[in-house]
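The exercises below are meant to be worked with the sequence and the coordinates open side by side. Each task is followed by a solution that proceeds step by step.

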Amino acid sequence: MNNKKKYTLLFTALLILLILSAFAGIVLGGSDISFKDMLNAVLNKSVHTPAYIILFDLRLPRVTAAILAGAGLAVAGLLLQSATDNDLCSPNVIGVNGGAGFAYMVLLCVLPAAFDFLPLAAFAGALLTTAVVLGMSFTVGHHTSKTTVILAGVAVGALLNAGISFLSQLYPEALSSYSSFSAGGFSNIYFSDLTVPAVMIFIGIAAAQLLSPALNLLCLGDEMAQSLGIRVRRIRVLSLVTASLLCSAVVSFAGLLGFVGLVVPHIVRRVAGYDIRVLVPSCAFAGGILTVLSDLASRTLFYPAELPAGILLSVLGAPFFLYLLFGRSRKA
Amino acid sequence: MIICKDVRLTYRKKNILNGADFEAEAGKITVLLGRNGCGKTSLLRCIAGARHHSKGEILLNGKDNKKLSPAERGKILSVMVQNLPSPPVSVRELASFGRQPYLAYGGRPGENDRIKIQKAMELTGILSHERDMVNKLSGGERQLAFFTMLLVQDTPIVLLDEPTSNLDAEYRRRVYDTMKKMRDGGKTVVATLHSLEDAVMLADKIYVMDKGKTVFKGSAKEFSESEIPESIFGLKPLKVKSEDNRELTVFLMK
């Protein structure tokens, strides 16, 4: 099978899987509504029926949010791993989680009344921290070092986590709200929360697709990529900025979702290969599918209790990642 | 053609290059020799534009290297680094990367490009591995795969940093044959080497570097007859005749 056919098949399969997962995410759930009621709600648009409210006001925004978050984080992870040439790189490595969490905690503690601004604070914190991390790594050394980005991210992240712990000692009442934010999830999300992040995620994914031909050449190392006419430093900076934009947009409505950005690019590479032009859309689809299914599982497995999707993603993601790691070392 | 005049490079307050002068002509193989840490790779990296020299001038085919954009440089000069990466791409895909400087951003190789790729793979003898992943090849095959990419890039200047390190005799011979084909095609070929025997056998011109400076330039014969092998490398040249009556120079440790 030639590449064109292979990729058409792959994208079609992923699209069908995404539609099926979204459909499952909308029709399945803890609430006991019959399929007939749902169909009625869709066809007759009877706005005030419980079925309509559950489908259109609760589940549809939730599924949309999960698709956006999964797609954004998976593409961000792919960009980070490609730009730093490090398979273990993920959004939290460039300080996204630390920055978003610290800003969220500061607002909770200092201005608890400004509850509506918490997503904005998380977004600003994530973006500002990644800007600091990138700025630090770009000023150290002659070239944009792949290792410096990671080290700067880890150091800044550790500092901000210490700040979060310090604030939680001073303001223990803020801790429960922070916990649900740090676990990540999609409960109580409305379409109005998603407009701005959705635009940013679409722009981020489009930018990643534009960067992908140049990112493909970074696997040759900086010197050889540059000798092929690539502005290595510029491509790396743009990739990291795009990744931080995507992560910040997701953090603002979904909290700190773990493992999607790390695991999805690895899974997709096994199926789709290493061409980043193909990996960007594939990761976006696969990230969406994984997150929608995790969210569905998190709200149905222990119904009436609901597990934050982030916890389930970590529970599933960590062993899977270890399996990949050990599988690879066995092969080596 | 490459002209380097009084090239200086300082990194973290350390002088790496202290006024290196160097010239390489088209249609010739110029070999850079020197002990570890003498500045050979740094000079090559400055020529390749990967490092910006602090002082001096580097001209590539008459153009100031500092004023060239990576895209312009990609059409003049191609590079093979010392420690080759193991990219997760097939040999054919790697070879096709060589057409990158000539394509519009994100563009795919056309029919003419594909012919060039095919010919280059035939020339380096890597065609039987075209579908194999580069990261699964042996060291020698990987080296030839990268040589194929360089041939596809088809630039007038080719820089090779230790192109035969870790290769067995058969692969070294194939690499040197490819270098000679590049030279015969009119290219300016510059290589750093560790083996003085190979340098004398291959080079049209030899430069020797020491402490960031060029301390010798001349033909292979002039190099063998000079005091440089002994004073810089601690090796004594000895002329021997092979069974087929070829005159060879070997360098013996003192």
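**Exercise 1. Place B:T124 in chain B and decide whether it is buried or exposed.**

Begin with the secondary structure: B:T124 belongs to helix α4 of chain B, which covers residues 111-124. The structure is a predicted model, and the surroundings of the residue are therefore read from computed positions. Next, count the neighbours: 26 other C-beta atoms lie within 10 Å of B:T124, and because the threshold for burial is 20 or more, B:T124 is buried. Then list the partners: leaving aside residues up to four places away in sequence, B:T124 touches B:L144, B:F147, B:T148, B:L151 and B:T178. As a last step, take a distance along and across the chain: B:A203 is 79 residues from B:T124 in sequence, and their C-alpha atoms are separated by 20 Å.

**Exercise 2. Test whether the length of helix α5 of chain B agrees with the expected span, and describe its cover.**

Helix α5 of chain B runs over residues 139-153 and has 15 residues. The expected span is 1.5 Å times one less than the number of residues, so that the helix should span 21 Å, and the end C-alpha atoms are indeed 21 Å apart, which agrees. As for cover, 13 of the 15 residues of α5(B) are buried, so the helix is mostly covered. Just after α5(B), B:D154 takes a positive phi of about 50°.

**Exercise 3. Find where B:N61 and B:K211 lie, and classify their exposure.**

The background is that most residues other than glycine have a negative phi. B:N61, although not a glycine, has a positive phi of about 50°, and B:K211, likewise a residue other than glycine, has a positive phi near 50°. For their places, B:N61 is found in the loop between β4 (55-60) and β5 (63-64) of chain B, while B:K211 is in the loop between β9 (205-210) and β10 (213-218) of that chain. For exposure, B:N61 has 14 other C-beta atoms within 10 Å and is partly exposed; B:K211 has 14 other C-beta atoms within 10 Å and is partly exposed.

**Exercise 4. Work out how helix α3 of chain A packs against α2(A) and against α11(A).**

Take α2(A), residues 35-44, first: α2(A) and α3(A) pack at an angle of about 75°, with their axes 8 Å apart. Since angles of 65 to 115 degrees count as roughly perpendicular, α2(A) is roughly perpendicular to α3(A). The contact is made by A:D37, A:M38, A:N40 and A:A41 in α2(A), which meet A:A51, A:Y52 and A:L55 in α3(A), and its residues divide into five nonpolar, one polar and one charged.

Turn then to α11(A), residues 260-272, whose axis comes within 7 Å of that of α3(A) and crosses it at roughly 75°. That makes α3(A) roughly perpendicular to α11(A). On the α3(A) side the residues include A:G70, A:L73 and A:Q81, and on the α11(A) side they include A:V260, A:L262 and A:P265. By class, this contact has eight nonpolar, four polar and no charged residues.

**Exercise 5. Identify the members of the largest nonpolar core that touch the most other members, and the helix that gives the most to this core.**

The core has 170 residues, of which A:V75, A:Y104 and B:L43 touch the most other members. Helix α3 of chain A, residues 50-84, gives the most to this core, with 16 residues. To see one of these members in its setting, note that A:Y104 touches A:L118, A:A121, A:A122, A:G125, A:Y178 and A:F181, not counting residues up to four places away in sequence.

**Exercise 6. Describe the surroundings of A:F186.**

A:F186 sits in the loop between α7 (175-183) and α8 of chain A. With 28 other C-beta atoms within 10 Å, A:F186 is buried. Beyond residues up to four places away in sequence, A:F186 touches A:R62, A:A65, A:A66, A:A254, A:D295 and A:A309. A:A69 is 117 residues from A:F186 in sequence, yet their C-alpha atoms are 9.5 Å apart in space.

**Exercise 7. Analyse the side of chain A that touches chain B.**

The contact takes 15 residues from chain A and 21 residues from chain B. On the chain A side, α8 (191-217) and α9 (222-227) each supply at least two residues, and α9(A) gives the most, with four residues. By class, the residues of this side divide into eight nonpolar, five polar and two charged.

Notes. Residues are numbered from 1 along each chain as its sequence is written. Chains are lettered from A and ligands numbered from 1 in the order in which they are written. This is a predicted model: local features need pLDDT of at least 70, side-chain atom pairs count only at pLDDT 80 or more; totals for chains, interfaces and linings use all residues. Two residues are in contact if their C-beta atoms, placed from the backbone, lie within 7 Å. Ala, Val, Leu, Ile, Met, Phe, Trp, Tyr, Cys and Pro count as nonpolar, Asp, Glu, Lys and Arg as charged, and the others, Gly among them, as polar. A nonpolar core is a set of buried Ala, Val, Leu, Ile, Met, Phe, Trp, Tyr and Cys residues joined through C-beta atoms within 7 Å. A residue is buried if 20 or more other C-beta atoms lie within 10 Å of its own, exposed if 12 or fewer, and partly exposed in between; C-beta atoms are placed from the backbone. Axes are lines fitted to C-alpha atoms, for helices over the stretch in contact, and angles run from 0 to 180 degrees between N-to-C directions. Angles under 35 degrees count as roughly parallel, over 145 as roughly antiparallel, 65 to 115 as roughly perpendicular and the rest as oblique.
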